[in-house]
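Please look over the fold, the pocket and the charged pairs of this protein. The report below takes them in turn.

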Amino acid sequence: MSDEDDNVDQDSMADEWAAAMEEQEIIDAEQDAAEPAQAVELDDFDNVEAPSGEGQPDLEVILDIPVSISMEVGRTNITIRNLLQLNQGSVIELDRLAGEPLDVLVNGTLIAHGEVVVVNEKFGIRMTDVISPSERIKRLR
């Protein structure tokens, strides 16, 4: 490619960047002109009313959002020295007793406790205690 082609490519790229920056400035100006958001305390969610004309809030907008669910057997802290000495057959002692329920976490937030089951030769979890939504909100604080 010649220097002339490089200059044309750089000029067109610069024009695209300039147009994108102008578009972003317009969006920023529109957002600045919009009514500012109000801070809401978590306690306020207990008193949220459904939109008028409906008995329930419209949850359809969030139902297809993917979340990460995990089950936690237990935890422990070890030194880096001990971590580097781990090999096949090593046993790590956890902070849970045998038979104690597992924690069920959604995006890192505890939502339930459960027990391990086998379903079609795969592991599963049976929920034994689901934490109420109000209790989950309290734990976020």
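Helices and strands are DSSP runs, numbered from the N terminus; a helix needs at least four residues and a strand at least two.

## Overall fold

This is a predicted model. The protein has three helices and four strands. Their order from the N terminus is α-β-α-β-β-β-α. The chain holds 141 residues, of which 9% count as buried.

## The largest pocket

The largest pocket encloses about 330 Å³ of space. Which element gives the largest share of its lining? Helix 3 does, with four residues. Helix 3 spans residues 133-140, and strand 3 spans 109-119; each supplies at least two residues of the lining.

The lining includes Pro133, Arg136, Ile137 and Leu140. Thr109 and Ile111 also belong to it, as do Val106 and Asn107. Leu59, Ile62 and Val67 are further lining residues. By character, the lining has eight nonpolar residues, two polar ones and one charged one.

## A nonpolar surface patch

A nonpolar patch lies on the surface. Its members are Leu59, Val61, Ile62, Leu63, Ile65 and Val67. Together they present about 600 Å² of accessible area.

Leucine 59 belongs to this patch and also lines the largest pocket. Leucine 59 sits in the loop between helix 1 (3-33) and strand 1 (69-72). Is leucine 59 buried, exposed or partly exposed? Its relative accessible area is 47%, so leucine 59 is partly exposed. Ile62 and Val67 likewise appear in the patch and in the pocket lining.

## Salt bridges

Side chains of opposite charge can pair when their charged atoms come close. How many salt bridges does the structure hold? There are three.

One joins glutamate 72 to arginine 75, with the closest N and O atoms 2.9 Å apart. Glutamate 72 counts as buried because its relative accessibility is 16%, under the 20% cut-off. Arginine 75 is exposed, at 52%. Another bridge links aspartate 103 and arginine 96, at 2.4 Å from N to O. Aspartate 103 is buried, with a relative accessible area of 12%. Arginine 96 has 21% relative accessibility, so it counts as partly exposed.

Arginine 126 and glutamate 115 also meet in a salt bridge, at 2.7 Å from N to O. This pair links distant parts of the chain: arginine 126 is in strand 4 and glutamate 115 in strand 3, eleven residues apart. Arginine 126 is partly exposed, at 47% relative accessible area. Glutamate 115 is partly exposed too, at 36%.

## The turn from strand 3 to strand 4

Asparagine 120 lies in the loop between strand 3 and strand 4. Glutamate 121 is found in that loop as well. Most residues other than glycine have a negative phi. What phi does asparagine 120 have? It is positive, about 50 degrees, although asparagine 120 is not a glycine. Glutamate 121 also has a positive phi, about 65 degrees, and is not a glycine either.

Are these loop residues buried or exposed? Asparagine 120 has 73% relative accessibility, so it counts as exposed. Glutamate 121 is exposed, with a relative accessible area of 80%. Both values are over the 50% cut-off.

## Contacts across the strands

Glycine 124 lies in strand 4, which covers residues 122-130. Glycine 124 has 25% relative accessibility and therefore counts as partly exposed. How far from glycine 114 is glycine 124, C-alpha to C-alpha? The separation is 9.6 Å, for two residues ten apart along the chain.

Valine 116 is in strand 3. Its relative accessible area is 49%, so valine 116 is partly exposed. The C-alpha atoms of valine 116 and valine 73 are separated by 9.8 Å. Along the chain, valine 116 and valine 73 are 43 residues apart.

Key: Residues numbered from 1 in each chain as written. Predicted model: local features only at pLDDT ≥ 70, side-chain atom pairs only at ≥ 80, totals over all residues. Heavy atoms only, no water. Patch = residues over 30% accessible without salt bridge, like charges linked within 9 Å, V, L, I, M, F, W, Y side chains within 5 Å. Areas by Shrake-Rupley, 256 points an atom, 1.4 Å probe, with all protein chains shown as cover. Salt bridge = Lys/Arg side-chain N within 4 Å of Asp/Glu carboxyl O. Buried < 20%, exposed > 50% of the residue type's maximum accessible area, 1.4 Å probe, protein only. 1 Å grid on protein atoms, 1.4 Å probe; cavity = no way out; pocket = protein on both sides within 12 Å on 5 of 7 lines; lining within 4 Å. Points joined across faces, edges and corners; volume = space filled by probe spheres on them. Nonpolar A, V, L, I, M, F, W, Y, C, P; charged D, E, K, R; others polar.
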